[in-house]
Amino acid sequence: MNKMIGYLIFLPLFILLACFAFGQPPAKPQLADTPPMGWNSWKKFGCKIDEILIRETADAFVSSGMRDAGYVYVNIDDCWMAKERDAQGDLQPDPVRFPNGIKALSDYVHAKGLKLGVYSSAGTKTCEGLPASLDHEDADARKFAEWGVDYLKYDNCNNLNRPAPPRYRAMAEALKKTGRPIVFSICEWGSNKPWEWASEVGGYLWRTTGDISDNWQSMTRLLDKQVGLEKYSKQNAWNDPDMLEVGNGSMTDAEYRAHFGLWALLNAPLIAGNDIRSMTPVIKDILMNRDVIAVDQDWGGKQGFKLRADGRSEVWIKPMSDGSRAVILLNRGGSDEPVSIAVTPQELGLPNVSKYRVKNLWTKETKTITKELRAVLTAHNSAMYIVSSSQK
Ligand code: GLA
């Protein structure tokens, strides 16, 4: 009988404790289980933005097929805000360029099954000298939530040299307090090793570098800075090597293919930076290559990384969740002579079997290999594959 009473008292207590231990809500809502995909106004349009551009871009997400390929966030970068805060001290949109306000835009974007992002800085002013959110975190976060914003890119200009982690934490906490799920994108340029603290303060992604430019040197310089950061990347905590320049006109199609493939292999956020209202068929094919996007969105427990470099020949790989490997063979360039680049299944860490299935993600060609995967590539060309030991 005593035993019975004991059970009656301790069982509910045990269940309660178990719920407490295992049922704890996660530290931050899981808004970015896969790297965010979308578009950002900065690279192509700078401060020349208005609500018409944003609406037309949302329309183009749908008509071009970008939305169906997985692109969701329509992100307005710097210059959406008026030069002064309003009489209540709140941020307000530029009355000339955004006369109908941000809420009207978010309603428009949401009706298309898309999400809206805005921008501010963990400083007194944005990089373009407009009002920003340092010491206004709660009020500004409340406005963003009230306007139906889904994503905040939070920059680092005019930060009064105050330490970065508390400046970013303050906004993350303020966003959380609003109760609205808002992806918090930390744009601190990699200055204070954000990979070590950005997730813990509430960021879902963090820029690892300064700004990208539309040329091969810039893209590969940023690429080099990703080496070694793979261990910091996980779900809801992604390394961000900056947005995509694909389609902005100063790189060749082959270079854009390499850029897109490498960003996907790195589980980078895929944030298009071009004018998606007027894409050529080639650019569409790059940005909407489902196989490459699938590599980006697959979380096999590890971000892709550089396996080895041999002069201008590089091999990048990423373990996929089904046990296969995504592989990029890359000719960094330096001479016009083509180079032959190869990798073995053993180097890829695949099990020892007699043959391996290979799919080329750009040409869609499939083949079987036994000992090595090899491609002959001219300068700035890449080949991207999935290599699998399974024959299915
Ligand atoms: C910084 C950021 C860019 C962009 C501009 C806007 O340079 O790194 O991505 O947001 O500010 O002013």
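**Note on the predicted model: chain and ligand site**

1. Among contacts in the chain between residues at least 6 apart in sequence, 70% link residues at least 24 apart. The model is predicted.

2. Secondary structure next. The chain carries 12 helices and 16 strands. Its radius of gyration is 23 Å, close to the 21 Å that the globule rule gives for 392 residues, so the chain is as compact as a globular protein of that length. Along the principal axes, the C-alpha trace spans about 80 × 65 × 40 Å.

3. On burial and surface: 54% of the 392 residues count as buried. The accessible surface of the chain is about 17,000 Å². Carbon and sulfur atoms account for 54% of that surface.

4. Which residues surround the ligand? They are Trp-42, Asp-77, Asp-78, Tyr-119, Cys-127, Glu-128, Lys-153, Asp-155, Cys-187, Trp-189, Arg-207 and Asp-211. By class, this shell divides into 5 nonpolar and 7 charged residues, with no polar ones.

5. Three side chains deserve a look at the ligand's oxygen atoms. Asp-211 places a polar side-chain atom 2.6 Å from a ligand oxygen. For Lys-153, a polar side-chain atom lies 2.8 Å from an oxygen atom of the ligand. For Arg-207, the corresponding distance to a ligand oxygen is 3.2 Å, again from a polar side-chain atom. The ligand taken alone exposes 310 Å², and the protein buries 93% of that.

Notes: Residues are numbered from 1 along each chain as its sequence is written. Side-chain values use heavy atoms; hydrogens and water are left out. A residue is near a molecule or strand if one of its heavy atoms lies within 4 Å of it. A polar contact is a pair of N or O atoms within 3.5 Å; within protein, one must be able to donate a hydrogen and the other to accept it, and residues adjacent in sequence count only if both atoms are side-chain atoms. Accessible areas come from the Shrake-Rupley method with a 1.4 Å probe; for residues, only the protein chains shown count as cover. Ala, Val, Leu, Ile, Met, Phe, Trp, Tyr, Cys and Pro count as nonpolar, Asp, Glu, Lys and Arg as charged, and the others, Gly among them, as polar. Helices (H or I, at least four residues) and strands (E, at least two) are DSSP runs, numbered from the N terminus. The radius of gyration is taken over C-alpha atoms; the globule rule is 2.2 Å times the number of residues to the power 0.38. Buried means under 20% relative accessible area, exposed over 50%, partly exposed in between (1.4 Å probe, protein chains only). Contact means heavy atoms within 4.5 Å.
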